[in-house]
There are 2 protein chains.
Amino acid sequence: MESARLLKTHKTFEGQTQFWEHDSIQTKTKMKFSTFMPSVKPRGCVIWLSGLTCTDENFITKAGAQKYLQQHGLMVLCPDTSPRGLNLPQEHEHWDFGSGAGFYVDATTSGYQDHYRMESYVCNEVHSLIQEQFGVAQDKISLMGHSMGGHGALVLALRHPEKFQSASAFSPIVHPSECPWGQKAFAGYLGADKSQWCSYDTTELIKLGKKHPRPFLVDQGLQDEFLDKQLLTDHLEQACEKSGQKCLIHRREGYDHSYYFIASFIESHIRFHAEYL
Amino acid sequence: MESARLLKTHKTFEGQTQFWEHDSIQTKTKMKFSTFMPSVKPRGCVIWLSGLTCTDENFITKAGAQKYLQQHGLMVLCPDTSPRGLNLPQEHEHWDFGSGAGFYVDATTSGYQDHYRMESYVCNEVHSLIQEQFGVAQDKISLMGHSMGGHGALVLALRHPEKFQSASAFSPIVHPSECPWGQKAFAGYLGADKSQWCSYDTTELIKLGKKHPRPFLVDQGLQDEFLDKQLLTDHLEQACEKSGQKCLIHRREGYDHSYYFIASFIESHIRFHAEYL
């Protein structure tokens with residue numbers, strides 16, 4: 001695998017906030033990502049998966065995570081949310097489908113199946129790159145994310161528990177087969193046959209008995225404008241209770257879906273991952 | 001004075017990050033600003049003045065200040081960096097002059113003198129609004145800023161020491177009469193007669209014997225790409241040493257001009273202002 005190319009670096013809390021580009025084997029496009037490297041050799045890496053419309057920049061500029069990553073000696077890597085620079089059917093017509101909205105699945109539909117391989121991109125290509133380029137051991141990698149990326153963190157941890165030590169999420173889409181965002185994305189990436197959808201659905205996978213050995217950590221704002229129709233936190237809680245998957249759900253009075261909410265609680269998520277890395 | 005209208009609110013670290021709009025008497029335009037209000041009644045307010053090209057949004061989304069403002073019970077108010085929505089000669093042709101580049105002066109040149117009154121906007125209009133709308137006492141208001149806004153914080157504190165308890169700056173333009181950014185701005189806003197420029201020049205004012213009763217706090221990154229040609233930190237240091245103005249200058253190895261630098265040291269600036277508020 002070719003190394004990623006460093007585009008920019010900014011000293012931050014003694015470490016370095018960095019922006020990178022590489023030629024992805026999985027998406028067959030150039031992909032950008034950002035990192036924070038602490039000033040000491042990182043003892044682990046948390047992959048941050050962003051939400052709809054985001055790029056590799058949102059988390060690293062807005063979440064205020066660098067201070068706590070430096071304190072715990074952890075790196076973070078933030079992939080982009082989809083391939084870029086393509087021109088597939090419908091790819092750029094909706095903010096919640098196509099570019100900026102990859103949903104962390106390997107697509108099976110025509111056109112998308114050749115490039116929208118975000119599961120393999122994160123779980124194989126980025127996972128390898130973290131080891132090869134940044135020197136982190138394969139058993140010291142975890143996942144966290146927000147909204148669509150919270151779905152990504154939980155569902156990829158359930159599908160690949162051997163690859164990710166722990167997973168946490170802010171405002172995750174926990175039951176995509178049952179909400180408009182998920183239904184639109186899954187129809188477009190996986191096709192109309194709904195029986196294919198459950199393999200990328202956190203709540204459905206947990207109902208089917210899939211488990212991660214570590215508890216999940218979830219923070220959800222109660223003023224979140226998407227809670228009732230899109231996020232459906234209760235569905236996750238009920239599935240976990242039935243199946244025995246441990247899940248720490250913190251419902252936060254007054255907080256919304258924004259990065260101001262993420263910034264307010266990111267310290268506790270990094271502390272959570274530090275325990276397992 | 002009419003109250004400002006609340007546009008958006010986001011709970012953040014128990015307090016509220018808010019975005020506002022009002023009809024400014026000084027600029028004769030609509031002006032936007034952002035605030036953070038702690039969850040307790042604020043015991044003081046720090047006005048943040050942003051740099052070239054910035055709006056009221058940069059600091060409040062990127063600096064990670066809310067946590068420390070909440071801890072100290074302080075509010076912050078971030079004005080925009082110029083009037084908007086006008087169409088004055090040359091106003092939108094350069095990123096370092098006109099819109100986004102008001103330089104915190106009251107302009108005297110044709111066209112600009114009617115709207116670009118950023119000194120009076122900050123020192124009179126915003127200063128009053130902080131008292132009337134947000135209930136902060138008139139002797140509990142301070143200034144901080146970055147780059148052009150660092151110049152604004154220091155120069156307005158020197159010109160109005162009775163209005164601002166303390167002033168601090170990241171990467172300030174300390175000697176605008178002697179650097180390209182300042183020369184361009186002052187020529188455009190104050191005219192070609194350079195004898196008028198020194199009254200808005202921190203280094204020149206200090207040389208002339210102007211003082212603020214409290215020490216200034218300055219942080220300057222040593223990898224800042226603008227240090228040698230635009231910022232000229234040494235000039236401030238020399239003027240302060242000669243005149244007796246106290247100034248704590250921290251030169252930070254490896255840090256650049258970005259908000260990653262600001263985020264890394266904002267806690268110490270808020271602690272500094274909390275001592276005087």
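In chain B, strand E8 pairs with strand E9 (residues 247-252) in the parallel sense, and six bridges hold the register between them. One position gives a handy landmark in this predicted model: Asp219(B) stands opposite His250(B) in E9(B). Strand E7 (residues 167-170) of chain B also pairs with E8(B) in the parallel sense, here over three bridges. Asp219(B) serves as a landmark for this pairing too, since Phe170(B) is the residue that stands opposite Asp219(B).

Strand E8 (residues 216-221) of chain B is mostly covered, with six of its six residues buried. In a regular strand, side chains alternate between the two faces of the sheet. Both faces of E8(B) are covered: Phe216(B), Val218(B) and Gln220(B) are buried on one side, and Leu217(B), Asp219(B) and Gly221(B) are buried on the other.

The view now turns to the sheet of chain A. Nine strands form an open sheet with mixed pairing, in the order E1-E2-E3-E5-E4-E6-E7-E8-E9. Strand E1 (5-12) and strand E9 (247-252) of chain A stand at the edges with a single partner strand each, so one side of each has no neighbour in the sheet. From one strand to the next, the twist averages 15°. Helix H4 (residues 148-159) of chain A packs on this sheet and touches strand E4 (44-49), strand E6 (141-146), strand E7 (167-170) and strand E8 (216-221) of chain A. The direction of H4 makes about 150° with that of E6(A). Helix H8 (residues 233-243) of chain A packs on the sheet as well, touching E8 and E9 of chain A, and its direction makes about 150° with that of E9(A). Elsewhere in the sheet, strand E2 (residues 15-23) and strand E3 (residues 30-37) of chain A run antiparallel and are joined by eight bridges. Within this pairing, Phe19(A) has Ser34(A) in E3(A) as its bridge partner.

Finally, the two chains can be considered together. A turn of 180° and a shift of 0.0 Å along the axis lay chain B on chain A with an RMSD of 0.0 Å. The two copies are thus related as by a two-fold rotation axis. Among the residues of chain B, Lys62(B) comes closest to the rotation axis, its C-alpha lying at 2.5 Å.

The contact between the chains takes 16 residues from chain B and 16 residues from chain A. On the side of chain B that touches chain A, the elements giving two or more residues are strand E1 (5-12), helix H1 (58-62) and helix H9 (259-276) of chain B. The residues of that side comprise four nonpolar, nine polar and three charged. Of the interface residues of chain B, 100% are also interface residues in chain A, so the copies meet through the same surface.

Technical notes:
Residues numbered from 1 in each chain as written. Chains lettered and ligands numbered in written order. Predicted model: local features only at pLDDT ≥ 70, side-chain atom pairs only at ≥ 80, totals over all residues. Contact = placed C-beta atoms within 7 Å. Helix = DSSP H or I, 4+ residues; strand = E, 2+ residues; numbered from the N terminus. Nonpolar A, V, L, I, M, F, W, Y, C, P; charged D, E, K, R; others polar. Least-squares fit on C-alpha atoms with pLDDT ≥ 70 in both. Pairing = 2+ DSSP bridges. Axes fitted to C-alpha atoms, helices over the stretch in contact; angles between N-to-C directions. Buried ≥ 20, exposed ≤ 12 C-beta atoms within 10 Å, placed from the backbone.
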